[in-house]
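Work through the following exercises with the coordinates open. Each task is followed by a solution in steps.

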Amino acid sequence: MIDKKLVHIVDDEDSIRRSASFMLKTSGFAVETWPTGVAFLKEVRHAEEGCILLDVRMPEMDGLEVQKALSERGITMPVIVLTGHGDVSIAVQAMKGGAVDFIEKPFEKAVLLASIETAFEKLAAAGERTTKASEAQTLLGILTPRERDVLEGLARGLPNKTIAYDLGISPRTVEVHRANLMSKLDVRSLSDALRIAFAAGMGA
């Protein structure tokens with residue numbers, strides 16, 4: 001029998017731990033749950049390798065602080081960050097910190113499972129950079145200058161309204177550019193677009 005892939009759920013909300021745990025177990029994953037980032041960090045040296053589902057808003061240490069601590073300790077397990085609605089700037093910080101993806105609560109089962117599969121692919125191919133800088137530059141070459149401006153704003157964690165103000169255009173126009181650039185880059189989520197942007201050195 002093949003060992004089940006393990007997912008560590010780090011979230012202070014009992015209801016989220018229970019529902020996500022049930023969802024993942026019924027989808028064939030092994031699950032460990034942790035009530036706080038501090039509790040997880042205490043045991044992480046002895047924890048079995050897997051993927052980490054990390055909530056951003058937690059007491060004592062928030063998700064970004066936990067992510068930083070994991071990085072400083074050389075823990076290379078892939079991290080998926082769970083954020084509340086509209087926490088784009090936090091999600092961008094998480095991606096810059098090496099998170100594989102971010103998912104907004106309440107999340108859909110299909111979105112969560114797809115993200116976890118990506119995380120395990122990253123674990124299997126550790127050491128390989130998925131999007132090389134040269135590939136990213138080539139991809140960004142198909143964008144118009146204005147679409148690149150919008151992507152740069154997103155990579156800096158700015159909301160649509162701020163990007164619109166900075167560029168002297170309407171928020172609706174920003175949304176159109178955002179939809180166009182995601183279509184041209186052939187990505188379905190903001191995190192995929194950000195991965196390409198960061199590989200190309202945007203948002204520094």
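The exercises below concern a predicted model and take up helix packing, a pocket, an aromatic pair and two backbone features.

**Exercise 1.** Determine how helix α7 is oriented against helix α9, and list the residues in contact.

Solution.
- Step 1. Helix α7 covers residues 145-155 and helix α9 covers residues 171-184; their axes are 9 Å apart and make an angle of about 95°.
- Step 2. Angles of 65 to 115 degrees count as roughly perpendicular, so α7 is roughly perpendicular to α9.
- Step 3. On the α7 side the contact consists of Arg146, Glu147, Val150, Leu151 and Leu154; on the α9 side, of Val174, His177, Arg178, Asn180, Leu181 and Lys184.
- Step 4. Sorted by class, the contact of α7 with α9 has five nonpolar, two polar and four charged residues.

**Exercise 2.** Repeat the analysis for α8 and α9.

Solution.
- Step 1. Helix α8 spans residues 160-167; α8 and α9 pack with axes 8 Å apart, at an angle of about 105°.
- Step 2. The two helices, α8 and α9, are therefore roughly perpendicular to each other.
- Step 3. Asn160, Lys161, Ile163 and Ala164 from α8 meet Pro171, Val174, Glu175 and Arg178 from α9.
- Step 4. This contact of α8 with α9 divides into four nonpolar, one polar and three charged residues.
- Step 5. Compare the lists: Val174 and Arg178 of α9 appear in the contact with α7 and also in the contact with α8.

**Exercise 3.** Describe the second largest pocket by volume and lining.

Solution.
- Step 1. The second largest pocket holds about 650 Å³ of space.
- Step 2. It is lined by 23 residues, of which Val111, Arg188, Ser189, Leu190 and Ser191 are the closest to the centre.
- Step 3. Two or more lining residues come from each of β5 (101-104), α5 (109-124) and α10 (190-199).
- Step 4. The lining of this pocket comprises nine nonpolar, six polar and eight charged residues.

**Exercise 4.** Classify the ring pair of Phe29 and Phe120, and locate both residues.

Solution.
- Step 1. The structure holds two aromatic pairs.
- Step 2. For Phe29 and Phe120, the ring centres are 6.2 Å apart and the planes are at 15°, so the pair is stacked.
- Step 3. Phe29 sits in the loop between α1 (14-25) and β2 (30-34), whereas Phe120 belongs to helix α5; the pair therefore ties together parts 91 residues apart in sequence.

**Exercise 5.** Locate the cis peptide bond at Pro106 and the positive phi of Glu60.

Solution.
- Step 1. Between Lys105 and Pro106 the peptide bond is cis, with omega near -10°.
- Step 2. Pro106 lies in the loop between β5 and α5.
- Step 3. Glu60, a residue other than glycine, has a positive phi near 65°.
- Step 4. Glu60 is in the loop between β3 (51-55) and α3 (63-72).

Methods: Residues numbered from 1 in each chain as written. Predicted model: local features only at pLDDT ≥ 70, side-chain atom pairs only at ≥ 80, totals over all residues. Heavy atoms only, no water. Axes fitted to C-alpha atoms, helices over the stretch in contact; angles between N-to-C directions. Helix = DSSP H or I, 4+ residues; strand = E, 2+ residues; numbered from the N terminus. Parallel < 35°, antiparallel > 145°, perpendicular 65-115°, else oblique. Contact = heavy atoms within 4.5 Å. Nonpolar A, V, L, I, M, F, W, Y, C, P; charged D, E, K, R; others polar. 1 Å grid on protein atoms, 1.4 Å probe; cavity = no way out; pocket = protein on both sides within 12 Å on 5 of 7 lines; lining within 4 Å. Points joined across faces, edges and corners; volume = space filled by probe spheres on them. Phe/Tyr/Trp six-rings, centres within 6.5 Å; stacked < 30°, edge-to-face > 60°.
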